[in-house]
Amino acid sequence: MNLFDVNWLAVFLAALAGFVVGGIWYGPVMGKKWMGAVGLTEEQIKEGNMGLIYGGAFAFSLLASWALAHTFHSYELLDADLSVKAKVMTAFGVALGFIVPALGTAYLFSQKGKALFFIDAGYWLLFYTAMGFVHAYLP
């Protein structure tokens with residue numbers, strides 16, 4: 001099995017879908033609550049290196065999307081017949097079973113508030129679900 005034998009268009013589009021979800025989630029949906037939870041002002045956010053922040057975030061989205069595509073490809077090599085529902089639920093399960101507990105543990109030890117945890121956990125659940133849909137329809 002080749003690690004790079006995936007649908008690269010799907011990898012890119014799924015990463016883009018997750019990235020768009022982030023723009024909506026941390027913009028009009030939860031932007032102000034998130035800023036309050038992390039203790040940043042709009043001015044402080046504007047002072048950040050946006051190229052590095054957005055470029056890095058998209059690079060991480062590509063990595064996550066590739067890992068999901070690779071996982072689905074591995075299942076298919078084992079003759080698994082993955083339905084749309086199975087792929088979406090698998091992607092959601094990755095977020096719920098791996099990402100959310102990792103966030104929770106990190107936030108407990110760093111003593112971050114519950115509000116930030118729920119904002120970020122909600123984002124990752126939506127992020128992976130969106131990627132699951134793209135990978136399901138563009139195998």
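Where is the place of Gln 111? Gln 111 sits in the loop between helix 5 and helix 6. Welcome to this structure, which is a predicted model. Let's start with the loops and then walk through the helices.

**Two loop residues**

Gln 111 has a positive phi of about 60°, although it is not a glycine. Asp 79 also carries a positive phi, about 65° in its case, and it is not a glycine either. You will find Asp 79 in the loop between helix 4 and helix 5, where it follows helix 4. Is Asp 79 buried or exposed? With a relative accessible area of 72%, Asp 79 is exposed, because the cut-off for exposed is over 50%. Gln 111 is exposed as well, with a relative accessible area of 73%.

**Two helices and their spans**

Helix 4 and helix 6 can each be checked against the span expected from 1.5 Å a residue. The table puts the values side by side.

| Helix | Residues | Number of residues | Expected span | Distance between end C-alpha atoms |
|---|---|---|---|---|
| Helix 4 | 50–77 | 28 residues | 40 Å | 40 Å |
| Helix 6 | 114–137 | 24 residues | 34 Å | 35 Å |

For helix 4, the expected and modelled spans agree. They agree for helix 6 too.

**What is tucked away**

Helix 6 is largely enclosed by the rest of the structure, because 17 of its 24 residues are buried. Helix 4 has its own set of buried residues, among them Phe 58, Ser 61, Ser 65, Trp 66, Leu 68, Ala 69 and Phe 72. What covers the buried residues of helix 4? The cover includes helix 1, helix 5 (84–109) and helix 6.

**A closer look at helix 6**

His 135 belongs to helix 6. At 3% relative accessibility, His 135 counts as buried, because buried means under 20%. Which residue is joined to His 135 by a polar contact of 2.9 Å between side chains? That residue is Ser 65, which is listed among the buried residues of helix 4. Leaving out residues up to four places away in sequence, His 135 touches Ala 10, Val 11, Ala 14, Ser 65, Leu 68, Ala 69, Phe 72 and Lys 87. Of these, Ser 65, Leu 68, Ala 69 and Phe 72 appear among the buried residues of helix 4.

Ala 136 is also found in helix 6. Ala 136 is buried, with a relative accessible area of 12%. Not counting neighbours within four places in sequence, Ala 136 is in contact with Val 84, Lys 87 and Val 88. Phe 60 lies 76 residues from Ala 136 along the chain, and the C-alpha atoms of the two are separated by 20 Å.

**A nonpolar patch on the surface**

Now to the outside. A nonpolar surface patch of about 880 Å² is made by Leu 9, Phe 12, Leu 13, Leu 16, Val 20, Ile 24, Val 29, Phe 133, Tyr 137 and Leu 138. Which helix gives the most to the nonpolar patch? Helix 1 does, with seven residues. Helix 1 (8–29) and helix 6 each supply at least two residues of the patch. Leu 13, one of the patch residues, is found in helix 1. At 31% relative accessibility, Leu 13 counts as partly exposed.

Terms used:
Residues are numbered from 1 along each chain as its sequence is written. This is a predicted model: local features need pLDDT of at least 70, side-chain atom pairs count only at pLDDT 80 or more; totals for chains, interfaces and linings use all residues. Side-chain values use heavy atoms; hydrogens and water are left out. Helices (H or I, at least four residues) and strands (E, at least two) are DSSP runs, numbered from the N terminus. The expected span of a helix is 1.5 Å times one less than its number of residues. Buried means under 20% relative accessible area, exposed over 50%, partly exposed in between (1.4 Å probe, protein chains only). Patches are made of residues with over 30% relative accessible area and no salt bridge: like charges are joined within 9 Å, nonpolar side chains (Val, Leu, Ile, Met, Phe, Trp, Tyr) within 5 Å. Accessible areas come from the Shrake-Rupley method with a 1.4 Å probe; for residues, only the protein chains shown count as cover. A salt bridge is a side-chain nitrogen of Lys or Arg within 4 Å of a carboxyl oxygen of Asp or Glu. Contact means heavy atoms within 4.5 Å. A polar contact is a pair of N or O atoms within 3.5 Å; within protein, one must be able to donate a hydrogen and the other to accept it, and residues adjacent in sequence count only if both atoms are side-chain atoms.
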